[in-house]
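Visitor: I'm new to this one, and I'd like to know what stands behind each label you use. Could you show it to me and take me through the terms?

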Amino acid sequence: MPIVAQSTETTDWVSRFADEVIEESERRAPGKPVVVASGLSPSGPIHLGNLREVMTPHLVADEIRRRGHQVRHLISWDDYDRYRKVPAGVPGVDETWAEHIGKPLTSVPAPKGSPYPNWAEHFKAAMVESLAELGVEFDGISQTEQYTSGVYREQILHAMRHRADIDAILAQYRTKKAPAKKQQQKPVDEAELEAAEGSGAAAEDDGSSGSAGYFPYKPYCGNCEKDLTTVTSYDDDSTELTYSCTSCGFSETVRLNEFNRGKLVWKVDWPMRWAYEGVIFEPSGVDHSSPGSSFQVGGQIVGIFGGKQPIGPMYAFVGISGMAKMSSSKGGVPTPADALKIMEPQLLRWLYARRRPNQSFKVAFDQEIQRLYDEWDRLEAKVADGSVLPADAAAHSRAVRTASGELPRTPRPLPYRTLASVADITAGHEDQALRILSDLDPANPLTSLDEARPRYDKAEAWINTHVPADQRTIVRDEPDTELLKSLDEQARESLRLLLDGLAGNWSLDGLTHLVYGVPKVQAGFSPDATPKELPAEIKTAQRTFFALLYQLLVSRDTGPRLPTLLLAVGQERVRTLLGE
């Protein structure tokens, strides 16, 4: 039975699983390296839901490695799976790719313009690069190489000899239909990335079943390369197998003990690999955990190959803020590479480390990313001053380092929302960006943008790729004379108070104190008065004052935080636009 880790606020789920996996490995294979596994199908973009298939065992493997044990994290690239459909929205791909449906992924051409030799390698490459940036160490296994080189030949022959036993297990579930679920359209901000379609669990049949009986093996056609084949006869003694192709009409007889152009069907292939590799730990998506699913059925079939089912936590979906529901067979899905363009690897690792596998969470591509970064920076501060809770400290440690060492980090991690505002306002002018960021803390000025990288580059990428054009900040070229003329005396006085204080408060903290203090002073209070000491009307006055400044500076009622905006515009230009 799969073991599900329990957790409290002070318990780290990764450590709990590591304890169980080490104990189980010593029981099954004493003295041998601990084996954990993931499976990814490069059938299209490998998205952030699929990343949970990797990060869950990675975090457990890394904890085991930290404790001094030898461990192997296998990633099986299911590149010998069939090409099922043409993903929508993939650059360089058109309807002509439909002619390859049914072929192995490694026999399908890569998208036009790709430097890679085939479809599988094209989509695998981006994931390999992202995993390196995330600090994920793994042993990659190409299932195309395994099958076509004959590595699994004995396992295939064994499965064919025991096809009746396999068929009997599968038959227990064939008549059981899950109750129909009502499909509800979810709000955009509740979009989920299903990991199912990115693993070998693609919708395959249970095997080749025709008039000759059941067979757990599918040949790829020797003529058209497709798997639209039916085994019509098989002899256990000679291993002579005859099949016919329903796509092109081709048929042939081969000896299975010499034939390397086919594979076991998924529900047999997966447990075969558990036994062959000695896998102790491998998670599976929620779709694998229902009755009749590949993980549940595999738990019975693995015994036929002399193995045991791994410890297998079910993991929940990963949500994406602001995007519609997606799966890996469609184009346009957010991938780890997309996330790493706008966030540092530590933040992305943290999102997967801090939640137990059965808890869903979201990866933010919208404004929520700023709140996530604020939360992360607060966590870093708690770690630094020793006030962090144990479970949070463990998640932080797993985010910033692996057993091999610390991940590269930003030397001066300035607030993400500040960096985003500066990147927005300066529109790619690095000298202007450095000027503004140097003014944030005059006592310890930034001397080079490199000190704020890569976080600055991530924030700039987010502004350029995920903030709509109508929400970008464009500073006015000339004062809004009509608005300035229409102001009453109170509004004019608020501008005078601000302008009088600019020179003496030209820093992020100073300007923050100034812009919040002006309405307080106008109402007869000290600029240092706390919210508890002020009437509720002061908040209304502050909002009105802020809206006026935004209108005069960027012709909108809202924008980046005013202190950052003022620094970005510069003192001279602020004075001009505010009518001095």
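Guide: Let's begin with a term: a disulfide is a pair of cysteine sulfur atoms within 2.5 Å. By that rule the structure holds 0 disulfides. Bear in mind that this is a predicted model, where local features need pLDDT of at least 70 and side-chain atom pairs count only at pLDDT 80 or more, while totals for chains, interfaces and linings use all residues. Residues are numbered from 1 along each chain as its sequence is written, and side-chain values use heavy atoms, with hydrogens and water left out.

Visitor: How do you know that C221 has no bond to the closest cysteine sulfur?

Guide: The sulfur of C221 is 3.7 Å from that of C248, and the cut-off is within 2.5 Å, so the two are too far apart for a bond. C248, for its part, is in no disulfide, and its nearest cysteine sulfur is that of C221.

Visitor: Are these two buried or exposed, C221 and C248?

Guide: Buried means under 20% relative accessible area, exposed means over 50%, and partly exposed is in between (1.4 Å probe, protein chains only). C221 has 0% relative accessibility, so it counts as buried. C248 has 34%, so it is called partly exposed.

Visitor: What makes helix α20 largely enclosed?

Guide: Helices here are DSSP runs of H or I with at least four residues, strands are runs of E with at least two, and both are numbered from the N terminus. Helix α20 covers residues 562-569, and 8 of its 8 residues are buried, so the rest of the structure largely encloses it. Among them are L562, P563 and V569. They pack against α13, α14, α18, α19 and α21. Just after α20, G570 takes a positive phi of about 90°.

Visitor: Why is D62 called buried?

Guide: Its relative accessibility is 3%, so D62 falls under the 20% limit and counts as buried. D62 sits in helix α2, residues 48-66. Contact means heavy atoms within 4.5 Å. Setting aside neighbours within four places in sequence, D62 touches R401, T402 and A403.

Visitor: What is in the largest nonpolar core?

Guide: A nonpolar core is a set of buried Ala, Val, Leu, Ile, Met, Phe, Trp, Tyr and Cys residues joined through side-chain atoms within 4.5 Å. The largest has 103 residues, and L51, M343, L348, Y352 and V363 have the most contacts inside it. Leaving out neighbours within four places in sequence, the contacts of Y352 include W13, L48, F361 and V363. A second, separate core has 30 residues, including Y173 and F305.

Visitor: Why are β1 and β3 said to stand at the edges?

Guide: Two strands pair if DSSP finds at least two bridges between them. The open sheet has 3 strands in the order β1-β2-β3, with parallel pairing. β1 (34-40) and β3 (139-142) each have a single partner strand, so one side of each is left without a neighbour in the sheet. The twist averages 25° from one strand to the next.

Visitor: How do you know that β2 pairs with β3?

Guide: 4 bridges join β2 (residues 71-77) to β3, and the rule asks for at least two. In that pair, S76 stands opposite I141. Helix α3 (residues 119-133) packs on the sheet, touching β1, β2 and β3, and makes about 155° with the direction of β2. Such angles run from 0 to 180 degrees between N-to-C directions, with axes fitted to C-alpha atoms, for helices over the stretch in contact.
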